[in-house]
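I opened this entry to note what I looked up around the ligand, and then what I looked up about a pocket elsewhere in my list.

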Amino acid sequence: MEHKRSSFSGKIGFVLAAAGSAVGLGNIWRFPYLAAKYGGGIFLLVYILLATTFGFSLMLAEIALGRKTRLSAIGAFQSLHKRFSFLGYIASAVPMIILPYYSVIGGWVMKYLAGFVTGQGAAMANDAYFGSYISKTAEPIVWFLLFMGITAIIVLFGVEKGIEKVSKIMMPVLIALILGISIYTICTMDGAIDGVVYYLRPDFSKFSIMTVVAAMGQLFYSMSLAMGIMITFGSYMKRDIRVEKSARQIELFDTGVAFLAGLMIIPAVFAFSGGDEAALSQGPGLMFVTLPKVFESMPGGAFIGTAFFVMVLFAALTSAISLMETIVSIFRDKLGIGRRPACLLVFGICVALGLLSCLGYSAWSTVQIIGMQFLDLFDFLSNSVIMPLVAFATCLFVGYFLKPKTLIAEMEQSGPFKRKTLFTVMIKYIAPIFTLLILLSSILDVFGIIHI
Ligand code: PHE
């Protein structure tokens, strides 16, 4: 089924839409817990280095691929080189793996929002609250279905424009709140300064290959790379808009929000744990365990907590919508079905996969696949296996089949391209070696062959 390819109205339209997809739970929930777990300052440093070189080049390549072909991932690779059409399919599988567990976490956000609205802030500030909540069988499923349902309804009725408008107002407020909460924690709580030091000062003794693996996985996730999304965005981009500048702005925005979220959460963890480093490796629950305590200790915390979770919910929804929209349009193209059946189908698959993630914490908590429960497994498969694989193949494709100069020419149509040498060297030599190493080490690690 052919649908018309619309264009973004202008420069700002493109950057904001891409940033709306990029900024989400990845920045506010996932980045801080990874930074806390993988060494603080050293993780931050590795992340920023990777984002400005590798992530930047890959983002340029994807946007340019989309703009050149005016097609989304599957069609784009297919039209440029028959042998690479498999790449489009693999990339398209990623949103399908991410959306279900993303919605489970979206459900957690809704639950916490409801908690603040109904005055349960004090109960949620209890250490054991989060753990006992996710180990319930029914309730997390209900919230997950609600988040998934809202996303599906918005995509079904095509009203995402309205949501995006609201989120354009919410986003600056969210950033201001994150900043305010960080300043409050750092200024008023004992021990928070140690957390700031942990977060900002790289400690090279904490460096391991795992720091790089985790930072790279996070980079793909947060910037919505290696899953066809930026290709689709690029296909909607007009030729007079500068790819380089837009990519830089999206990246700055995305990394900036992640950086601030870390600054909000990590010092608070230090303050509440009395500097106990074990508290840093809590993983996915970190934000949900720490923030309610901060709000509880603040004057007007119930109100600020409510405002905070409303805005996180909006950020999560805009990302979930862009994930679902991508999957729906692939299903429509490939199966030749209409919007409604495609939405229903995607909803059904996501509910099934998301239920696994919910139950993995409760009724099926004893089920482990390669040592992980379901949510971690999905996260690992997409971020540490498929995305590096897609990034590796994309670099080979652009570097040796299509040739970087083809994409450079595409980018130069809209003005000078300053970092072409970085782009070429990254795509041809450094990024392929890097992604391959990451892929191998994360797989070997899971199977216990090496320990990193
Ligand atoms: N980048 C989003 C985030 O950081 C997640 C996402 C991934 C959204 C892929 C769309 C596509 O939360």
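How do the residues of the shell around the ligand divide into nonpolar, polar and charged? In this predicted model, I count seven nonpolar and eight polar residues in that shell, and no charged ones.

I then listed the neighbours by name: 15 residues surround the ligand, and the closest of them are A22, G26, Y102, Y221 and I229. When I assigned the shell to secondary structure, I found that α1 (11-22), α2, α11 and α15 (301-335) each supply at least two of its residues.

Next I looked up polar contacts. A backbone N or O atom of G26 lies 2.7 Å from an oxygen atom of the ligand, and a polar side-chain atom of Y102 also lies 2.7 Å from a ligand oxygen atom. On the nitrogen side, I noted a polar backbone atom of S222 at 3.0 Å from a nitrogen atom of the ligand. Taken alone the ligand exposes 320 Å², and the protein buries 100% of that area. I recorded the site itself as the largest cavity, in which the ligand sits.

My last search concerned the second largest pocket, whose volume I noted as about 500 Å³. It is lined by 23 residues, of which K37, Y38, M210, D379 and F380 are the closest to its centre. For this lining, α2 (25-37), α11 (209-222), α17 (374-402) and α19 (420-446) each supply at least two residues. The lining divides into 10 nonpolar, eight polar and five charged residues, whereas the shell around the ligand has no charged residue.

Note on methods:
Residues numbered from 1 in each chain as written. Predicted model: local features only at pLDDT ≥ 70, side-chain atom pairs only at ≥ 80, totals over all residues. Heavy atoms only, no water. 1 Å grid on protein atoms, 1.4 Å probe; cavity = no way out; pocket = protein on both sides within 12 Å on 5 of 7 lines; lining within 4 Å. Points joined across faces, edges and corners; volume = space filled by probe spheres on them. Helix = DSSP H or I, 4+ residues; strand = E, 2+ residues; numbered from the N terminus. Nonpolar A, V, L, I, M, F, W, Y, C, P; charged D, E, K, R; others polar. Near = heavy atom within 4 Å. Polar contact = N/O pair within 3.5 Å; in protein donor to acceptor, adjacent residues only side chain to side chain. Areas by Shrake-Rupley, 256 points an atom, 1.4 Å probe, with all protein chains shown as cover. Sits in = over half its atoms within 2 Å of the grid points.
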